[in-house]
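Me: I've got a structure open and I'd like to talk it through. Can we start with a helix and go from there?

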Amino acid sequence: MDVTITRADFADPRLAAFLQAHLDDMEPTAPPESRHALDLHALQAEHVRLWVAAVPDVEGVAGTAALAGLDERHEELKSMRTDPRLRGRGIASALLAHVLDDARSRGVERVSLETGSMAFFEAARTFYARAGFEPCPPFGPYVEDPMSTFMTLALTAR
């Protein structure tokens, strides 16, 4: 599938709706203290970079992915989501490749993520493992949580 990836336009109401749908999807999966998805405001922080995927013949946002700086050489993958109607078409793979290339180009050496440990997130964990992410201990502000799975990927220069 032909995927166009650009930096997010926070003034686009379609982005706000897409991100709210992501938060709504997460709400029933865990108690509030175990949900770590960022809202529209948090994604606009200076240390966060958000991208949006678009595909031909589909109106609106097809997917999103963000990187949030943890320190100079370590970033966290956030807000990785594909429109449920478009899953399985390579959008997530294109987004992940794009954000990892961006991180490499800026000298980032490691990208980590937190996702749920419940069955709802099994496809996400499998996707990240196929991309080379490995289980790791909590990082940054996280603490051990049975509702969370932590994964990390050491980046190599291309």
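**Helices and sheet**

Reply: Sure. Asp12 caps the N-terminal end of α1. One of its side-chain oxygens lies 2.8 Å from the backbone nitrogen of Arg14. Keep in mind that this is a predicted model.

Me: How far apart are the end C-alpha atoms of α1?

Reply: They are 20 Å apart. Helix α1 covers residues 13-26, which is 14 residues. At 1.5 Å a residue the expected span is 20 Å, so the two values agree.

Me: Which residues of α1 are buried?

Reply: Leu15, Phe18, Leu19, His22 and Met26. They cover an arc of only 95° around the axis, which puts them on the same side of α1.

Me: And what do those buried residues pack against?

Reply: Three strands: β2 (48-54), β3 (63-71) and β4 (74-82).

Me: OK, the sheet then. In what order do the strands come?

Reply: The order is β1-β2-β3-β4-β5-β7-β6. These 7 strands form an open sheet with mixed pairing. The edge strands are β1 (4-7) and β6 (134-135), and each pairs on one side only. Helix α1 packs on the sheet, and its direction makes about 95° with that of β4.

Me: What holds strands together in general?

Reply: Strands of a sheet pair through backbone hydrogen bonds, either parallel or antiparallel.

Me: Take β1 and β2. How many bridges join them?

Reply: 4 bridges, and the two strands run antiparallel. Arg7 stands opposite Trp51 in β2.

Me: What about β2 and β3, parallel or antiparallel?

Reply: Antiparallel, over 6 bridges. In that pairing, Arg49 stands opposite Leu67 in β3.

Me: How many residues of β2 are buried?

Reply: 5 of the 7, so β2 is largely enclosed by the rest of the structure.

Me: Now β5 and β7. How do they run?

Reply: They run antiparallel, joined by 7 bridges. Strand β5 is residues 110-116, and β7 is residues 148-154. The bridge partner of Val111 is Leu153 in β7.

Me: Back to β3. Is Thr64 there buried or exposed?

Reply: Thr64, in strand β3, is buried. Its relative accessible area is 1%, and buried means under 20%, so the label follows.

Me: What lies 2.8 Å from a polar atom of its side chain?

Reply: The backbone oxygen of Ser79.

Me: Which residues does Thr64 touch?

Reply: Leaving out residues up to four places away in sequence, its contacts include Leu15, Phe18 and Leu19. Those three are also among the buried residues of α1. Trp51, Ser79 and Leu95 are among the other contacts of Thr64.

Me: Switching to α2. What span should it have?

Reply: With 15 residues at 1.5 Å a residue, 21 Å. Its end C-alpha atoms are 21 Å apart, which agrees.

Me: Which α2 residues are buried?

Reply: Ile91, Ala92, Leu95, Leu96, Val99, Leu100, Asp102 and Ala103. Seen down the axis of α2, they fall within an arc of 155°, so they line one face of the helix. Just after α2, Gly107 takes a positive phi of about 85°.

Me: Where is Ile91, and what does it touch?

Reply: Ile91 is in α2, which runs over residues 91-105. At 1% relative accessibility, Ile91 counts as buried. Not counting residues up to four places away in sequence, it touches Met1, Val3, Ala53, Val55, Ala62, Gly63, Thr82 and Leu86. Val55 is 36 residues from Ile91 along the chain, yet their C-alpha atoms are separated by 8.5 Å.

Technical notes
Residues numbered from 1 in each chain as written. Predicted model: local features only at pLDDT ≥ 70, side-chain atom pairs only at ≥ 80, totals over all residues. Heavy atoms only, no water. Expected span 1.5 Å × (residues − 1). Buried < 20%, exposed > 50% of the residue type's maximum accessible area, 1.4 Å probe, protein only. Arc of directions from axis to C-beta. Contact = heavy atoms within 4.5 Å. Polar contact = N/O pair within 3.5 Å; in protein donor to acceptor, adjacent residues only side chain to side chain. Pairing = 2+ DSSP bridges. Axes fitted to C-alpha atoms, helices over the stretch in contact; angles between N-to-C directions.
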